[in-house]
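Trainee: I would like to go through this model region by region. Please reason each answer through before giving the result.

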Amino acid sequence: MTFTAPIQLPGLALDTQWYKRAVFYEVMVRSFYDSNADGSGDFAGLISKLDYLQWLGIDALWIPPFYNSPLRDGGYDVADFSSVLPEFGTLDEFKELVTKAHERNMRIVIDYPLNHTSDQHEWFQQSRQDPEGPYGDFYVWSDTDEKYPNIRIIFVDTEDSNWAFDPVRRQYYFHRFFSHQPDLNFENPAVREATLNVVRHWMDLGVDGIRLDAIPYLFESEEGNGEGEPKTHEFLKEIRAMVDRDYPGRVLIAEANQWPSEVVEFFGTEDEPECHMAFDFPVMPRIFYALRSQNASELVRVLSETHEVPSAAAWGVFLRNHDELTLEMVSEEYRQAMYGWYAYDPRMRSNVGIRRRLAPLLDNSRAELELAHALLFSLEGSPFLYYGDEIGMGDNIWLPDRDASRTPMQWTPDRNAGFSSADPGKLYLPVVQSLAYNYTSINVEAQLAQSRSLLNWVRNVIHVRKGHPTFGLGTLRVLETNHESVLAFVREYPGSSTQFGDSAETVLCVFSFAHSPVSARIDLTGFEGATAFDLFGGAEFPAVGADGTLSLTLGTQGFYWLHLGDAPRA
């Protein structure tokens, strides 16, 4: 498969706020492409597929942990933060990946689970064996398991306490996640310095950003709930100051599974910034709820909330990723409805969430896949895609834990879906062979040959989005409509005198979650007389009425992206 991407000028470092307009792609090294027939994906394999990702329109790759690890939690249990898992390749191959990505105007963002380590990490082994040694205070130790009573248990399916007893040290150690992942003690200055050194190590190797995994949980206190404690924010300011000083143009992304009103704290302030980006978690489950309930009111409510954030801050928005679809921030009634619609088989559930890929969640409905992606790409914030979702890959709920949605990428209808030339039994996970999502029919090669395939459709939407800076840089204002199934908002960008030469633009985005065609009237007060043009085909729509309203008819689960004003330049 050969991919030809538009030629772009070099100069990645010119735009220090590149992340605001970027389309991110989460790619798991183990799952993407196996270059040496050992059954597991590797850096060399990912490098060989960079042309595909550039053709798709990806600006930045987010790579989950690839460090040395016993792999009891998909690599988030790190045994050495400075080395690479041998089956993925070498440090030199990682540096080659960074170089080759930069040659294609793509950036590399890595994952850093800084809150904890594996219990196999040398720090922990020394801490448990020599309490008085240099690593004795690197973890949170206690003679009792009754400290921090206000801190909730996150992995309720597998853990009944945040404390575990170590038979070597004869003390309890604290863990917010699995018991084999002891929490680091950030009260210790040596731990904080070691953390800064890890950030320096990877940024010296050229990475463009770091996703700070589970960032709220660094510090604990007897009075607090261990989420976003004041000392956590103080340390984040220290990391940000170091990055801004020594690595301008690199980004820090906060993974804080909280309400936006709490997550905004991780942006910091204009004078004392923390992270450049943060994920917007509550929007995601409400998109799925609207698709089944045919009611957009909860989505309207969440999108209508406004939060003061620093001018350089940006949200990250997504539909799915390597974790379960979390339902922590919805009511119990809401949660049970979501389980009934999307996880009717108990095997589809994990912790307080659903462990399914996007296409199976939406019953492989092309209309819903298009609607969900169109909404994702038009929201305020930078979109994050999950590998394989661009072709509608399926999952395997018979695999344990989160492996259900981490199966090999499906490239061709050949053996092992073109992922590897190894014996099929040697693959780290089997390729998807279910009836609806079998790799022989759902694969990149087949969809490249179909002009109307999901892959080509997603690519087209990405490139339309990239042609309109409003989506990356503009504001979002939710509009009133007269139909409960319809969501409408305007993205407004006043223009800029930067090197991009972007002009002012207003885009009206309208989405219908109804399961049949509907007609809706949208309140566009302030835009009286404005003409509307479709961003995809350029067709002219009726002008906004003198009363400030616009009536539109939408097909079943249909949507519009409409430029308001004079016809956009071709």
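Trainee: Which residues of α9 are buried?

Mentor: This is a predicted model. Helix α9 spans residues 283–293, and nine of its 11 residues are buried. A residue counts as buried at under 20% relative accessible area. The residues of α9 that meet this are Val283, Met284, Pro285, Arg286, Ile287, Phe288, Ala290, Leu291 and Arg292.

Trainee: What covers the buried residues of α9?

Mentor: Helix α9 is mostly covered. Its cover includes two strands and four helices that can be named: β12 (314–318), β13 (325–326), α10 (297–304), α11 (332–342), α12 (358–361) and α13 (366–378).

Trainee: Which residue just after α9 takes a positive phi?

Mentor: Helix α9 covers residues 283–293. Just after α9, a phi of about 60° is found at Gln294.

Trainee: Is Phe178 buried or exposed?

Mentor: Phe178 sits in the loop between β8 (171–174) and α6 (189–204). Leaving out residues up to four places away in sequence, Phe178 touches Asp73, Phe155, Thr158 and Glu159. Its relative accessible area is 12%, and the cut-off is under 20%, so Phe178 is buried.

Trainee: How far apart are the C-alpha atoms of Phe178 and Ser118?

Mentor: Along the chain, Phe178 and Ser118 are 60 residues apart. In space, the separation of their C-alpha atoms is 9.5 Å.

Trainee: Which residues gather with Glu480 in a patch of negative charge?

Mentor: Glu480 belongs to the loop between β16 (475–478) and β17 (486–493). Its relative accessibility is 61%, so Glu480 counts as exposed. In the surface patch, Glu480 is joined by Asp523, Glu528 and Asp547.

Note on methods
Residues numbered from 1 in each chain as written. Predicted model: local features only at pLDDT ≥ 70, side-chain atom pairs only at ≥ 80, totals over all residues. Heavy atoms only, no water. Buried < 20%, exposed > 50% of the residue type's maximum accessible area, 1.4 Å probe, protein only. Contact = heavy atoms within 4.5 Å. Patch = residues over 30% accessible without salt bridge, like charges linked within 9 Å, V, L, I, M, F, W, Y side chains within 5 Å. Areas by Shrake-Rupley, 256 points an atom, 1.4 Å probe, with all protein chains shown as cover. Salt bridge = Lys/Arg side-chain N within 4 Å of Asp/Glu carboxyl O. Lys, Arg positive; Asp, Glu negative; His and termini not counted. Charge placed at Lys NZ, Arg CZ, Asp CG, Glu CD.
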